[in-house]
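Here are some exercises to work through with the structure open beside you. Try each task on your own before reading its solution.

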Amino acid sequence: MEQKINCAVDCVNGCVLGDKCPNLEFREAAAQFIEDTSLDKMLEMAEERLRRKMMEPPKWVLPDDQ
């Protein structure tokens, strides 16, 4: 029986499933990105995303009428 966990909650301090993690390819891709990308480039990417986010119009969330 396969164990179901919420990785965003249960793996905050590290993966709890180890080699049985269903997200291994994502972890490897993230590790490769961190290894290949300079910190300056990561900061540049974050600043660009923040700039685009600030230029977006506000998104209104209206409650459902009941």
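The exercises below concern a predicted model, and each comes with a worked solution.

**Exercise 1. Confidence and elements**

Task: Find how many helices and strands the protein has, and which element has the lowest mean pLDDT.

Solution: Begin with the whole chain. The mean pLDDT of the protein is 86, and 94% of its residues reach 70 or more. Next, list the elements: the protein has 3 helices and 0 strands, in the order α-α-α from the N terminus on. Now rank them by confidence. Helix α1 (residues 7–10) has the lowest mean pLDDT, 84, while helix α3 (residues 39–55) has the highest, 96. Keep in mind that where pLDDT is low, predicted coordinates should not be read in detail.

**Exercise 2. Overall dimensions**

Task: Compare the radius of gyration of the protein with that of a compact globule of 66 residues.

Solution: For a compact globule of 66 residues, expect a radius of gyration near 11 Å. The protein has 18 Å instead. As a next step, look at the box around the C-alpha atoms: along the principal axes it is roughly 45 × 45 × 20 Å. Then turn to burial, where 6% of the 66 residues count as buried. Finish with the surface: the protein exposes about 6700 Å², and carbon and sulfur atoms supply 57% of that area.

**Exercise 3. Cysteines**

Task: Work out how many disulfides there are, and why C15 and C21 do not form one.

Solution: Set the cut-off first: two cysteine sulfur atoms must lie within 2.5 Å. By this rule the count is 0 disulfides. C11 is in no disulfide, its nearest cysteine sulfur being that of C7, 4.3 Å away. C11 is also buried, because its relative accessible area is 16% and the limit for burial is under 20%. For C15, the closest cysteine sulfur is in C21 at 3.8 Å, so the pair is too far apart for a bond. C15 has 32% relative accessibility and therefore counts as partly exposed.

**Exercise 4. Salt bridges**

Task: Describe how K41 and E44 meet, and how R51 pairs with E48.

Solution: A search of the whole structure finds 4 salt bridges. As background, side chains of opposite charge can pair when their charged atoms come close. One of the bridges joins K41 and E44, with 3.6 Å from N to O. These two residues are 3 apart in helix α3, so about one helical turn separates them. Both ends are partly exposed, K41 at 40% and E44 at 47%.

Repeat the steps for R51 and E48, whose closest N and O atoms are 2.7 Å apart. Here too the partners are 3 residues apart in helix α3, which means about one helical turn lies between them. R51 is partly exposed at 43%, and E48 is partly exposed at 32%.

Last, take E56, which forms a salt bridge with R49 at 3.7 Å between the closest N and O atoms. Shared partners join R49, E56 and K59 into one network.

**Exercise 5. A nonpolar patch**

Task: Say which residues make the nonpolar surface patch of about 290 Å², and whether I34 is buried or exposed.

Solution: The patch is made by F33, I34 and M45. Place I34 on the chain: this residue lies in helix α2 (residues 24–36). I34 has a relative accessibility of 55%, so it counts as exposed.

Conventions: Residues are numbered from 1 along each chain as its sequence is written. This is a predicted model: local features need pLDDT of at least 70, side-chain atom pairs count only at pLDDT 80 or more; totals for chains, interfaces and linings use all residues. Side-chain values use heavy atoms; hydrogens and water are left out. Patches are made of residues with over 30% relative accessible area and no salt bridge: like charges are joined within 9 Å, nonpolar side chains (Val, Leu, Ile, Met, Phe, Trp, Tyr) within 5 Å. Accessible areas come from the Shrake-Rupley method with a 1.4 Å probe; for residues, only the protein chains shown count as cover. A salt bridge is a side-chain nitrogen of Lys or Arg within 4 Å of a carboxyl oxygen of Asp or Glu. Helices (H or I, at least four residues) and strands (E, at least two) are DSSP runs, numbered from the N terminus. Buried means under 20% relative accessible area, exposed over 50%, partly exposed in between (1.4 Å probe, protein chains only). pLDDT is the predictor's confidence in each residue, from 0 to 100. The radius of gyration is taken over C-alpha atoms; the globule rule is 2.2 Å times the number of residues to the power 0.38.
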